[in-house]
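Here is a colleague's note, in numbered points, to be read with the sequence and the structure open. Please check each point against the view as you go.

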Amino acid sequence: MDDFRRIDLNLLLTLHALLSEQHVSRAAVRLHRSQPAVSHALAQLREIFSDPLLVRRGGRLHLSSRAQALREPLEQALEQLHGLLGSPRFEPSRARRTFRLAMSDYGARVVLPGLMRLLRAEAPEIDLVVSQGSREAMLGQLIDGEVDLALGVFPELPSEVQVQVLFEESFVCLADRQTLPPRGGLALDRWLARPHVLVAVRPGIDNEIDLALQALGERRRIALTLPHWGVAQGLIIGTDLVLTVARRSLAGTRLEPGLRCFEPPLAIAPFGFTQAWHSRREGDAGHRWLRERIRTLCEADQAQE
């Protein structure tokens, strides 16, 4: 009973964050508290449970046996409390908060302009920190608690990551118009004979275009791999290079003079562009509001096409 009197809901929430993140700094970010305050709470929890809870090995913190045993009952207890108290109300016009988002150059081009206009109008004190990474890196950041939301294409997801499809996307090709027939695009044999530009954060990763080619027993020559879309158009002007990109990459931008769009000469499966988050964010009303606004924005853009 004495130990029960010494622990309150804030300490339980801190314990939950520490056991989930296994990192004091990330737990502090998750709780919107300072790192010294979370370190102090950890010291209290260690005294209450007479256990270190987090043990440093190999430069990282790991859960003790007692901490491992606490995870499931603590999760259940907090879920019951959440059901009892109801979801906290989130008022975007008054909220002061920073969300950490991970997305590719493509995702930033498609989502960020509308999202920033919406935030400035509805939630002017909400800030965003955007990072870029490969699919694998973004999922790792979600699991480690380094980002709140990742936007991209995630064919395989760990069980603790939730996902929502925002829209389906297809592909279009670009080339210098002087290297194309007067009308139309390129037949497959001529398309394969040309060197190609690939926009990818990391080379050597399977993408939808090359997977479609593999299914035909074909492959293309990648003469240039770029991590971002921004300079890709300018690089193919005056060359025989072909660029195949997601169609929305061109939305809202002026095509460089001298370039022409044409349909790919092979069937490339469309892909779902998604937002992904860790299940630990499910009870976060602010996080839920942000996801809903992003979904609504993408649906509105799709309806205008």
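1. Start with a definition: a residue is called buried when its relative accessible area is under 20%, exposed when that area is over 50%, and partly exposed in between. The model is a predicted one, and the terms above apply to it throughout.

2. Take A175 as a first case. This residue lies in strand β7. Is A175 buried or exposed? The relative accessible area of A175 is 0%, and 0% is under the 20% limit, so A175 is buried. For a sense of distance, A175 and D301 are 126 residues apart in sequence, and their C-alpha atoms are 26 Å apart in space.

3. Strand β7 covers residues 171–176 and runs antiparallel to β10, with five bridges joining the two. One of the pairs to look for is C173, whose bridge partner in β10 is T244.

4. Strand β10 itself covers residues 242–246. How many of its five residues are buried? The count is five of five, and the strand is described as mostly covered. Strand β10 also pairs with strand β8 (residues 196–199), here in the parallel sense and over two bridges. H196 has V242 of β10 as its bridge partner. Strand β10 is thus a place to compare two senses of pairing: antiparallel with β7 and parallel with β8.

5. Another pairing involves strand β3, residues 97–103, where six of the seven residues are buried. Strand β3 pairs with strand β4 (residues 126–131) in the parallel sense, over six bridges. R100 can be used to find the register, as its bridge partner in β4 is V129.

6. Now the salt bridges. Side chains of opposite charge can pair when their charged atoms come close. The rule used here asks for a side-chain nitrogen of Lys or Arg within 4 Å of a carboxyl oxygen of Asp or Glu. By this rule the model has 15 salt bridges.

7. One of them joins R293 and E122, with the closest N and O atoms 2.7 Å apart. Which parts of the chain does this pair tie together? R293 belongs to helix α11 (residues 285–303) and E122 to helix α6 (residues 105–122), so the salt bridge links parts that are 171 residues apart in sequence. The two partners fall into separate classes of accessibility: R293 counts as buried at 18%, while E122, at 30%, is partly exposed.

8. Two more salt bridges share R295. With E292, the closest N and O atoms are 2.0 Å apart; with E299, they are 2.6 Å apart. E292 and R295 sit three residues apart in helix α11, about one turn of the helix. R295 and E299 are four residues apart in that helix, again separated by about one turn. Both glutamates count as partly exposed, E292 at 37% relative accessibility and E299 at 41%. Elsewhere, salt bridges with shared partners join E21, R26, E146 and R280 into one network.

9. Next, the enclosed space. How many cavities of 30 Å³ or more does a search of the whole structure find? The search finds one. The largest cavity holds about 650 Å³ of space. Its lining is made up of 32 residues, and those closest to the centre are S104, R135, V199, A200 and V201.

10. The lining draws on several elements. At least two residues each come from α6, α7 (135–144), β5 (149–152), β8, α9 (208–215), β10 and β12 (271–278). By type, the lining has 17 nonpolar, nine polar and six charged residues. Note that α6, β8 and β10, met in earlier points, are among the contributors.

11. Last, look at N207, which is in the loop between β8 and α9. At 12% relative accessibility, N207 counts as buried. What does the side chain of N207 reach at 3.1 Å? It reaches the backbone nitrogen of I209. The side chain of N207 also makes a polar contact of 2.8 Å with the side chain of D210.

Key:
Residues numbered from 1 in each chain as written. Predicted model: local features only at pLDDT ≥ 70, side-chain atom pairs only at ≥ 80, totals over all residues. Heavy atoms only, no water. Buried < 20%, exposed > 50% of the residue type's maximum accessible area, 1.4 Å probe, protein only. Pairing = 2+ DSSP bridges. 1 Å grid on protein atoms, 1.4 Å probe; cavity = no way out; pocket = protein on both sides within 12 Å on 5 of 7 lines; lining within 4 Å. Points joined across faces, edges and corners; volume = space filled by probe spheres on them. Nonpolar A, V, L, I, M, F, W, Y, C, P; charged D, E, K, R; others polar. Polar contact = N/O pair within 3.5 Å; in protein donor to acceptor, adjacent residues only side chain to side chain.
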